[in-house]
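User: Hi! Could you take a close look at one small part of this protein with me?

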Amino acid sequence: MGQQSLSGRLKQTFGYDEFRPLQREIMEVSLAGRDAVAILPTGAGKSLCYQLPALVRDGLTVVVSPLIALMKDQVDQLEASGVAATFINSSLDGEEARRRLAGLDAGEYQLLYVAPERLMLADFLDRLQAWNIAALAVDEAHCISEWGHDFRPEYRRLKEVRQKIPKIPVLALTATATARVREDIVKQLELHDPEVFLASFNRPNLKYQVVGKAGATAQVCNFASARPTDSGIVYCQSRKSTETMAAALRTQGFSAVSYHAGLEQAERVRNQDAFLRDDAKIVCATVAFGMGINKPNVRYVIHADLPKNIEGYYQETGRAGRDGLPADCLLLFSRGDVTKYLKFLEEIADPQARDVAHKQLDQMTHFAENDVCRRVGLLGYFGEIWTPENCGACDHCLHPREKWEATTDVQKLLSCVLRVRQSGGFSVGLNHISEVLTGGMSEKIQRWKHNNLTTHGIGKDQARPYWVDLGRQLLRLGLLVASEDKFPTVAVSARGVECLKLRETVMLTRALSTPRQKATRSGEIPCDSGLFECLRVVRKNLADARNVPSYVVFSDVTLRHFSRDYPTSEAALAAVPGMGEKKIQDYGQAILAAIRSFLTKNSRMIFEPLMPLVVPATRSTGVTNGTVALSLELFKNGQSVSEIAKSRGLAETTVEGHLSQAIENGEKLDPRALFTETEEQLMRDALRGYDEPALKPIFEQLGGQISYGKLKFFRAMIARNEISN
């Protein structure tokens, strides 16, 4: 059939005026009797590539599909469009199966969906030869490759269909396939000189974000709370975690269900249907859910646990935004997940399968920890080069992580790797290197005499995880190389040797931020827990030196203010509760040194300003707090919030809190000095009808583009009728 016939049936049957990219070309090659491989991203219209040709050719098109739910969904849609389609699988009772087989014998159908297990039964293969088979379509064709993420051994036998019916064209389709997987598809299906169609893997409407995992349940609930009317999928690694996550969401008022292979089939079907019908807004699922699910309005996909490979991650995130509208993909990353999966991998009996799984996990970890545009890493995995400098829709491009100079520590680590190699003639892993650097005296270190190396203990100012993380960054930069053993060792690359000799400046990226999501109790002072623990050690040392209890030096309240304001000057210390002149004189330099050292290795965290103390009703104007007064004075003199923060050694959020308190206490400030007209309209719309004290839901609803300080300024001005609501 010609192009006009295809176009006519496209409009007549499916209601579309034009084809999507590559669809027509794929159809024409198949209709010409040639084999083809089509690699199209989720939502690009793969199914139409075999459905429409089936309507313009004589005979039956057999579609190999891996999931019962996928078959039923597609057949339901085809029947609704007037297409004679059916499926044969284990969900049918004996009578219904016989009825459909009789219809196939009579030539009543144009499309047949069948699972590979059913298709390869001897009697079923014999029946095929009597059904006037015109074409074979293999959906989710990556399942045929052991290098794919959903390997199904049964797919390997599909070439037997071609052997039984040699003259039919075969069309293999998938949304995810590396070059290696594509080669495997062609080889395993024994395709004859196939035409390969490869579309871009980019999904421009998807926003990719990776954040540090810090209480996954709270993070998921907060994310969903900012999108209360949207449909979303939350992927969890274990069956139990899908159920606990769904229960947690239900306690927050969400209609959420779980989905995993351990549920009774009736419950699985019921929960899936509830999600597809929007009776349940959120489904918490293992990877058992989603292949072939054609729900167009999924607005977000959250991975509460680390996916095991990039192909699976790509396909799972691809279930968001199939309608082409914007959608969010959030990955919660934790090194703990990596460690947990590594233990699971050791249980894989087949060495080759274990090695493949190891490499896939390494690639996934590299993607999560990398500091480049997410599309560079994601599309690059599939062999596609992403050239734009800023994709405008990922965490790195929207909010680049801070860089810091790590030259000295890089020199220490590279030197240690070289010294270890030179001393014994063999290489070791990053964990052992971290032990040497921190002065460890393990049995191996003493047996190999690594405690005698000049690099032993030169990194004891940092914890072992710091050096392991630094080593991973140097692997990504190519300054170190890792072996491909079961327990990989590291060596300094030629590029690393050059860097070491020339003492090149090395700029590294801060680790993934771990946003604080946990709701705080009344009166609690949220702070950077890492810095707080560091300062507790400093406080203990100061107290021991003076033979006094720790609380005599500083209270926990003072430490918490240090750990949220990050003071880096004596003037900033003076603004912290509990810091008088004597304590600044006695302890100030020790505290400042500890904070400065901490900030060379860690990013500042951002906290919602603390609620100000209630001001007596009789005092409607005036600000008595000295530190608030100073910030206000500088602001009135024309300094910006960032300039005030820099000059006073404070966090910007602290200065914003000062100005908010001043407004609440009656100070009149020009709104245009605090936020723009555009920002004012955004805040006005977001806050309309919202009267809860916490601003976090509004902050997240606005995607973090407007700071907590501006939200507090705006709300304070409304409360005092400085601007209209």
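Leaving aside its neighbours within four places in sequence, which residues is Arg227 in contact with?

Analyst: Happy to! Keep in mind that this is a predicted model. Once neighbours within four places in sequence are set aside, Arg227 is in contact with Tyr300 and Asp328. As for where to look, Arg227 sits in the loop that runs between helix 10 (216–225) and strand 9 (231–235). Although it belongs to a loop, Arg227 counts as buried because its relative accessibility is 17%, and the cut-off for buried is under 20%. There is also a pairing of C-alpha atoms to look at here: those of Arg227 and Arg299 are 8.8 Å apart, while 72 residues separate the two along the chain.

That kind of long-range link fits into a wider picture. Among contacts in the protein with a separation of 6 or more, 72% are between residues 24 or more positions apart. Burial can be put in context too: 51% of the 725 residues of the protein count as buried. As for charge, the protein carries 90 positive and 87 negative side chains, with the centres of the two sets 5 Å apart.

If you would like another buried arginine to set beside this one, try Arg539 in helix 23, where the buried residues also include Leu535 and Leu542. Seen down the axis of helix 23, the buried residues fall within an arc of 135°, so they line one face of the helix. Helix 23 covers residues 529–546 and reaches 26 Å from its first C-alpha to its last, close to the 26 Å expected.

How values were computed
Residues numbered from 1 in each chain as written. Predicted model: local features only at pLDDT ≥ 70, side-chain atom pairs only at ≥ 80, totals over all residues. Heavy atoms only, no water. Buried < 20%, exposed > 50% of the residue type's maximum accessible area, 1.4 Å probe, protein only. Contact = heavy atoms within 4.5 Å. Lys, Arg positive; Asp, Glu negative; His and termini not counted. Charge placed at Lys NZ, Arg CZ, Asp CG, Glu CD. Helix = DSSP H or I, 4+ residues; strand = E, 2+ residues; numbered from the N terminus. Expected span 1.5 Å × (residues − 1). Arc of directions from axis to C-beta.
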